[in-house]
Amino acid sequence: MNWALFTLLLWLSVGFDVGFRDALQLGHLAIAPSCTFVLLTYVCVWASRGSMIVCAAIAGLLIDLTSPVVISGGQTIALVGPNALGCMLGAALVMNLRAVMFRKNVLTLGVLAMLLSLVTSVVVVALLTVRARYDTVVFVSPSGELGERALSAVLTGVLGVVLAIPLAWLRPAFGFRKIAAAYPRMRH
């Protein structure tokens, strides 16, 4: 895998998500698509298992660092961990589903990006809800937060369909190794 290309695209996608978050939001709600989840899903579809988990941890860490959490008193902190764990769990889901998906279909990237984003959201909301029980993290409504994140996951899936073709053009530059088929051909 070409780590320099991944690093560049991850930097651009996180920058896009942070820079255009307010412009892409639906109204006053925090519902917006994520380029970072689309890129991570693309890497998870084509990369080896080891590379995929490292990419998920790095992407989740960058999301944690650029998505501050509000604590009591109105201050914000960068809480490292929830998105990193969620991305790794979402990457494991994509790894298990990629064997039964048509990888070159544009809808595949959209569906898997939506699922990765949804799994990450569930993990983040669960961890923040537990932390809010014993710490000063202001977390008003887990169900409302999960609802907004679920709608963001749907928009991320739509963005995944849109970005599938440009990312497919970059596949040779990524240098992904061929992954063996889940079910080898039977010889007669």
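**A walk through the helices, from H3 outward**

Helix H3 is mostly covered, with 12 of its 12 residues buried. The model is a predicted one, and H3 is a convenient place from which to begin reading it. The helix has 12 residues and reaches 17 Å from its first C-alpha to its last, which is close to the 16 Å expected at 1.5 Å a residue. Among the buried residues of H3 are Cys 35, Phe 37, Val 38, Tyr 42, Val 45 and Trp 46. As for what lies around them, the buried residues of H3 pack against helix H1 (3–19) and also against H4, H5, H6, H7 and H8.

One of the residues of H3, Tyr 42, leads to the aromatic side chains. A search of the whole structure finds five aromatic pairs. In the case of Tyr 42 and Phe 174, the ring centres are 5.8 Å apart and the planes stand at 55°, so the pair is classed as tilted. This pair links distant parts of the chain, since Tyr 42 belongs to helix H3 and Phe 174 to helix H8 (residues 171–174), with their positions 132 residues apart in the numbering. Tyr 42 is buried, with a relative accessible area of 3%, and Phe 174 is buried as well, at 0%. Together with Phe 176, Tyr 42 and Phe 174 form one aromatic cluster.

From H3 the reader can turn to H5, one of the helices against which the buried residues of H3 pack. Helix H5 (residues 82–97) has 16 residues, and its first and last C-alpha atoms are 23 Å apart, close to the 22 Å expected at 1.5 Å a residue. The buried residues of H5 are Pro 82, Asn 83, Ala 84, Gly 86, Cys 87, Gly 90, Ala 91 and Val 94, and what covers them includes helix H3 (35–46), helix H4 (49–66) and helix H6 (106–134). Asn 96, which also has its place in helix H5, counts as exposed because its relative accessibility is 53%, where the cut-off for that class is over 50%. The C-alpha atoms of Asn 96 and Val 45 are separated by 9.6 Å, although the two residues are 51 apart along the chain.

Helix H7 offers a second route through the interior. Thr 156 is placed in helix H7 and is buried, with a relative accessible area of 1%. Leaving aside its neighbours within four places in sequence, Thr 156 is in contact with Ala 32, Pro 33, Ser 34, Phe 37, Val 38, Ala 113 and Ser 117. Ile 31 lies in the loop between helix H2 (21–24) and H3, and at 2% relative accessibility Ile 31 counts as buried. With neighbours within four places in sequence again left out, the contacts of Ile 31 are Leu 24, Gln 25, Leu 26, Glu 148, Leu 151, Ser 152 and Leu 155. By contrast with those contacts, the C-alpha atoms of Ile 31 and Phe 6, 25 residues apart along the chain, are separated by 26 Å.

Which charged side chains meet in a salt bridge? The structure holds one salt bridge, in which the side chains of Glu 145 and Arg 149 meet at 2.9 Å, N to O. Side chains of opposite charge can pair when their charged atoms come close. Because Glu 145 and Arg 149 are four residues apart in helix H7 (residues 142–169), about one helical turn separates them. Glu 145 counts as partly exposed at 24% relative accessibility, and Arg 149 likewise counts as partly exposed at 23%. Arg 149 also has a neighbour from another helix: Ser 121 touches Leu 146 and Arg 149, not counting residues up to four places away in sequence. Ser 121 itself lies in helix H6 and counts as buried, with 5% relative accessibility.

The last stop is at the surface. Trp 3, Val 54 and Ile 58 form a nonpolar patch there, with about 240 Å² of accessible area together. Of these, Ile 58 is found in helix H4, and at 35% relative accessibility Ile 58 counts as partly exposed. Helix H4 thus appears twice in this account, since H4 is also among the helices that cover the buried residues of H5.

Conventions
Residues are numbered from 1 along each chain as its sequence is written. This is a predicted model: local features need pLDDT of at least 70, side-chain atom pairs count only at pLDDT 80 or more; totals for chains, interfaces and linings use all residues. Side-chain values use heavy atoms; hydrogens and water are left out. Helices (H or I, at least four residues) and strands (E, at least two) are DSSP runs, numbered from the N terminus. The expected span of a helix is 1.5 Å times one less than its number of residues. Buried means under 20% relative accessible area, exposed over 50%, partly exposed in between (1.4 Å probe, protein chains only). Contact means heavy atoms within 4.5 Å. A salt bridge is a side-chain nitrogen of Lys or Arg within 4 Å of a carboxyl oxygen of Asp or Glu. Patches are made of residues with over 30% relative accessible area and no salt bridge: like charges are joined within 9 Å, nonpolar side chains (Val, Leu, Ile, Met, Phe, Trp, Tyr) within 5 Å. Accessible areas come from the Shrake-Rupley method with a 1.4 Å probe; for residues, only the protein chains shown count as cover. Rings of Phe, Tyr and Trp (its six-membered ring) pair if their centres lie within 6.5 Å; planes under 30 degrees apart count as stacked, over 60 as edge-to-face and the rest as tilted.
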